[in-house]
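Grab a pencil and have the viewer open. Below are some short exercises, each with a solution worked out in steps.

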Amino acid sequence: MNNEIVYSITSPQKWQEVIHKNTFSKLEGKKLILQEKSGRGTIDVVNIHEGLAITFINVTLANDLKLSRKATETNDHFILNFYFSSINIKEQIDTKVQSLGFDFYSIMLYSSMTESESIIPANIPVSIFNITFSKKWLNQNVLDAGDKANNLQKFFSKQGPIYLYENLDFNFNIILKEIIQSSEKINKIFLFSNVLRLLTTFFKKIETRSVIEKDTYINPSDLENLLRVRKSIEHNWKEKPSNTLLAEQAGMSLSKFKQLFKQVFGNSPYQYYLNFKMEKALELLQKKEYSVSDIGYIVGYSNLSQFSKIFKKKYNFLPSEVNNNTTSDLKILK
């Protein structure tokens with residue numbers, strides 16, 4: 001097996017063939033199976049629609065593997081990666097080094113004009129799910145060419161590398177679990193439905209950002225500081241955050257901190273904190289281990305009425321109604 005694989009973002013079948021040529025593996029239809037010299041595990045590709053496909057990667061490598069992605073001349077394809085592994089994967093994009101995993105960004109969108117390098121470590125299970133879609137599919141099924149003011153249209157119409165980071169929150173996890181379950185039976189109807197739900201959820205996050213910056217570049221040290229501040233918000237999620245104190249922690253002016261925080265995470269620090277608390281509450285309600293009033297108290301609300309009001313504003317139903325609603329009824333707060 002080569003210790004470095006060079007590739008570009010294109011159709012997942014072509015990427016799979018590149019992996020096959022550079023590893024000890026066998027290709028059975030749309031399933032690549034690693035052999036002992038390269039490790040163990042599979043890479044499965046499922047075509048959902050013309051120009052839209054998903055890939056399930058579940059591997060444990062025998063040796064560290066460097067993946068070097070080279071940019072294409074145009075943005076003909078996009079890939080949306082979801083990292084499930086508890087390990088952190090280091091990825092370098094241009095001059096920035098990004099950590100991927102549950103304690104960091106876990107969802108990454110790339111266009112085919114982006115370049116990056118990532119190291120997949122040996123002897124550790126790696127689980128990645130991704131969605132690949134072509135620019136043609138996007139134009140035919142998602143974008144409205146006549147709506148130039150639409151944030152989604154602006155974002156995907158950029159000339160040059162496009163990449164975006166998001167958190168793998170509880171709402172994404174709900175849909176992803178259904179995708180994994182439906183994939184086991186290879187039920188294309190359920191897969192197609194859930195993949196569209198997942199894309200809709202992600203596209204809404206882009207649409208609801210108040211500003212889509214022409215230049216998405218953020219200084220690596222600023223990004224690191226923002227990650228540290230975000231972790232502080234999550235660690236102290238029972239306490240209302242102070243923008244002034246958070247800006248001091250980030251080593252930024254207040255105006256710069258608020259601007260970059262919203263650019264990176266899609267919400268103000270307070271809205272991020274509120275969403276995180278409600279996601280914690282939903283997770284606890286789904287587990288059915290505590291009463292509604294107990295969960296309200298756990299997430300910092302002594303007033304049950306106030307907790308129910310804020311929860312309903314986010315999910316469109318009351319905490320007491322969680323067990324009566326299917327996961328498909330969850331409504332993401334814009």
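**Exercise 1. Two helices that cross**

Work out how helix α9 and helix α11 are arranged relative to each other, and which residues meet.

*Solution.* Keep in mind that you're looking at a predicted model.
- Step 1: find α9 at residues 269-287 and α11 at residues 304-315. They pack at an angle of about 95°, and their axes are 10 Å apart.
- Step 2: name the arrangement. Angles from 65 to 115 degrees count as roughly perpendicular, so α9 is roughly perpendicular to α11.
- Step 3: list who meets whom. From α9 come Leu274, Asn275, Met278, Glu279, Ala281, Leu282 and Leu285, and from α11 come Phe307, Ile310, Phe311, Lys314 and Tyr315.
- Step 4: sort them by type. The contact of α9 with α11 has nine nonpolar residues, one polar and two charged.

**Exercise 2. Another pair to try**

Do the job again for helix α7 and helix α8.

*Solution.*
- Step 1: α7 covers residues 243-250 and α8 covers residues 254-265. Their packing angle is about 90°, with 9 Å between the axes.
- Step 2: that angle makes α7 roughly perpendicular to α8.
- Step 3: α7 brings Asn243, Thr244, Leu246, Ala247 and Ala250 to the contact, while α8 brings Leu254, Phe257 and Lys258.
- Step 4: sorted by type, the residues of this contact are five nonpolar, two polar and one charged.

**Exercise 3. Into the core**

Find the residues with the most contacts inside the largest nonpolar core, then pick Ile131 and trace what it touches.

*Solution.*
- Step 1: the largest nonpolar core has 32 residues, and Ile131, Phe133 and Phe156 have the most contacts inside it.
- Step 2: ask which helix gives the most to this core. That's α5 (residues 188-207), with seven residues.
- Step 3: zoom in on Ile131. Leaving aside neighbours within four places in sequence, its contacts include Leu52, Ile54, Phe78, Leu80, Val195 and Leu199.
- Step 4: look for a second, separate core. There is one of 21 residues, and Ile5, Ile43, Ile128 and Tyr163 are among them.
- Step 5: link this to a general idea. In soluble globular proteins, nonpolar side chains tend to be buried together.

**Exercise 4. Buried or exposed?**

Decide whether each of Ser134, Gly266, Asn123 and Lys288 is buried or exposed.

*Solution.* You need two cut-offs: buried is under 20% relative accessible area, and exposed is over 50%.
- Ser134 sits in strand β12 (residues 126-134). Its relative accessible area is 12%, so Ser134 is buried. Not counting residues up to four places away in sequence, Ser134 touches Gly51, Asp76 and His77.
- Gly266 is in the loop between α8 and α9. At 14% relative accessible area, Gly266 is buried as well. Check the distance to Glu166 too: the two are 100 residues apart in sequence, but 8.2 Å apart in space, C-alpha to C-alpha.
- Asn123 belongs to the loop between β11 and β12. With 61% relative accessibility, Asn123 is exposed. Its phi is near 60°, a positive value in a residue other than glycine.
- Lys288 lies in the loop between α9 and α10. Its relative accessibility is 60%, so Lys288 is exposed. Phi of Lys288 is also near 60°.

**Exercise 5. Zoom out**

How many helices and strands does the protein chain have, and what percentage of its residues count as buried?

*Solution.*
- Step 1: the protein chain has 11 helices and 13 strands.
- Step 2: of its 334 residues, 50% count as buried.

Key. Residues numbered from 1 in each chain as written. Predicted model: local features only at pLDDT ≥ 70, side-chain atom pairs only at ≥ 80, totals over all residues. Heavy atoms only, no water. Axes fitted to C-alpha atoms, helices over the stretch in contact; angles between N-to-C directions. Helix = DSSP H or I, 4+ residues; strand = E, 2+ residues; numbered from the N terminus. Parallel < 35°, antiparallel > 145°, perpendicular 65-115°, else oblique. Contact = heavy atoms within 4.5 Å. Nonpolar A, V, L, I, M, F, W, Y, C, P; charged D, E, K, R; others polar. Core = buried A, V, L, I, M, F, W, Y, C linked by side-chain atoms within 4.5 Å. Buried < 20%, exposed > 50% of the residue type's maximum accessible area, 1.4 Å probe, protein only.
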